[in-house]
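Student: I'm new to this one. Could you take a close look at a single part for me, the place where protein meets DNA?

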Protein chains: 2
Amino acid sequence: MRLLIVEDQVSLADELLADLGCAGYAVDWLADGRDALYQGASEPYDLIVLDLGLPGKPGLEVLREWRAGGLATPVLILTARDHWAERIEGLKAGADDYLTKPFHPEELQLRIQSLLRRAHGLANQTRLEAGGVQLDERKQSVIHNGKEITLTAAEFSLLRYLMLHPQQIVSKLQLLEHLYDGETERDSNVIEVHVNHLRRKLGKAVIETRRNQGYLFNGLQTGNATGLAL
Amino acid sequence: MRLLIVEDQVSLADELLADLGCAGYAVDWLADGRDALYQGASEPYDLIVLDLGLPGKPGLEVLREWRAGGLATPVLILTARDHWAERIEGLKAGADDYLTKPFHPEELQLRIQSLLRRAHGLANQTRLEAGGVQLDERKQSVIHNGKEITLTAAEFSLLRYLMLHPQQIVSKLQLLEHLYDGETERDSNVIEVHVNHLRRKLGKAVIETRRNQGYLFNGLQTGNATGLAL
DNA sequence: CCCAAAATTAAGTTTGAATTAAGCTCCCCC
DNA sequence: GGGGGAGCTTAATTCAAACTTAATTTTGGG
């Protein structure tokens with residue numbers, strides 16, 4: 001999952017970068033509004049955290065231009081507590097959620113998790129769960145048949161990406177672009193290796209490969225494709 | 001479905017080529033306006049993605065000449081965000097849709113899907129559906145009588161082509177030209193084999209053979225050729 | 001600075017979708 | 001009604017994609 005933080009206050013940005021990095025996100029950081037306008041639209045971010053008080057170009061303006069250009073990426077805005085009206089303006093301009101500064105880092109984490117679920121049509125569930133697999137985002141582990149299985153950072157973020165895209169084929173290229181920043185080789189087999197590890201830990205059936213197309217997260221459907229009880 | 005990408009920025013073109021390839025399109029790429037002018041009109045593309053800032057000959061000029069020459073292929077233009085007026089010029093010159101750079105590859109995919117449906121008179125439907133067959137483009141599978149049937153990449157792109165041409169006869173040669181790039185043998189029986197596979201999975205009636213003419217996608221009309229209730 | 005764990009690269013193997021090929025069937029036309 | 005061509009079907013082939021294991025590099029903690 002790739003995130004962009006647009007925040008000019010260095011100390012805060014630093015902290016967020018570290019926090020979100022630990023949570024298994026690939027995070028980029030920009031401090032300038034003009035840079036953000038361009039990069040936010042060109043790199044395939046899954047979510048953007050946007051401070052409204054920015055040099056270069058005001059955050060609200062950046063957001064409006066993104067939306068005018070058709071950018072659909074979820075945006076969470078940060079506003080100072082004493083600029084009350086900005087939140088309304090922000091939502092009008094197309095923000096999906098907001099947080100007033102100062103805030104607790106955990107609060108941001110939860111908002112991000114929730115916003116990502118919502119953006120992928122999983123608004124109803126409070127944690128990522130599908131086909132007998134429960135993802136524990138705090139412990140970066142998985143509960144499967146009541147048993148807890150710990151994942152490495154790479155396995156965790158790969159699985160999370162797949163679980164956020166249920167019922168759709170995710171190409172290897174898409175995974176490379178959304179799990180890694182900037183440029184990783186197109187012909188690396190990292191994804192295949194981690195898929196292999198996940199299958200060892202969770203069982204072969206969890207991730208289905210569609211040759212020439214990509215991977216499909218299936219949960220643990222045992223022959224009952226509807227997911228309904230029989 | 002054969003697409004032409006006309007884009008001089010190599011890294012972007014590379015990525016689009018890979019992305020659209022995964023989505024089951026046969027994609028050609030040109031970087032020069034003069035080449036595009038010729039090839040876009042001579043090869044049977046189903047859609048053209050045209051960057052307006054091109055070496056050789058400006059994209060707008062290429063588009064105008066295509067339209068003047070009677071080319072009806074849907075064209076989606078790519079414009080730089082800061083060349084706002086170009087979009088209007090582009091639409092006037094005969095473009096069918098536009099996207100401002102930068103953009104996310106996923107966004108382009110959606111636009112292409114939508115534009116293809118629109119160009120084939122299916123503007124009203126949000127997903128390809130006919131005669132009890134629903135095509136799920138994200139999953140590259142089909143829902144038939146509420147049951148999901150998975151398709152291979154080749155089966156998927158063949159079925160998609162047929163579903164985009166409902167109630168019309170599609171010749172085998174046409175299929176060869178539109179599903180494969182450049183030159184595949186004229187006397188290969190690939191199409192027949194894949195049609196056979198699709199019939200096995202979806203039932204004989206789905207694809208009707210019109211001897212010496214081609215194939216006709218029928219959905220699943222079970223003896224009631226009008227599609228009306230009896 | 002060193003060590004262990006994790007991530008990635010690399011190399012060799014397996015797999016299965018796509019294509020070719022070959023023989024059969026069904027139609028159409030004489 | 002039978003000859004020929006178009007289309008169907010099954011089986012064999014092929015070759016790149018995906019898998020697996022092991023080696024190497026990177027990372028982070030002590």
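Tutor: Here is a walk through the surface near the DNA and a helix pair that belongs to it.

This is a predicted model, where local features need pLDDT of at least 70, side-chain atom pairs count only at pLDDT 80 or more, and totals for chains, interfaces and linings use all residues. Residues are numbered from 1 along each chain as its sequence is written, and chains are lettered from A and ligands numbered from 1 in the order in which they are written.

Let's start at DNA strand C. Of the 21 residues around this strand, Thr152(A), Ala153(A), Thr152(B), Ala153(B) and Ser188(B) come nearest (a residue is near if its C-beta atom, placed from the backbone, lies within 6 Å of the strand). By class, that surface has eight nonpolar, seven polar and six charged residues (Ala, Val, Leu, Ile, Met, Phe, Trp, Tyr, Cys and Pro are nonpolar, Asp, Glu, Lys and Arg charged, and the others, Gly among them, polar).

Which helices help out? α6 (153-163) and α8 (190-202), from chain A and from chain B, each supply at least two residues (helices are DSSP runs of H or I, at least four residues, numbered from the N terminus).

Now zoom in on chain B. α6(B) and α8(B) pack at about 90°, with axes 10 Å apart (axes are lines fitted to C-alpha atoms over the stretch in contact, and angles run from 0 to 180 degrees between N-to-C directions). The two helices are therefore roughly perpendicular, a label for angles of 65 to 115 degrees. On α6(B), the contact uses Ala154(B), Glu155(B), Leu158(B) and Leu159(B), and on α8(B) His194(B), His197(B) and Leu198(B) (contact puts C-beta atoms, placed from the backbone, within 7 Å). Those residues divide into four nonpolar, two polar and one charged.

Definitions and conventions:
Angles under 35 degrees count as roughly parallel, over 145 as roughly antiparallel, 65 to 115 as roughly perpendicular and the rest as oblique. Two residues are in contact if their C-beta atoms, placed from the backbone, lie within 7 Å.
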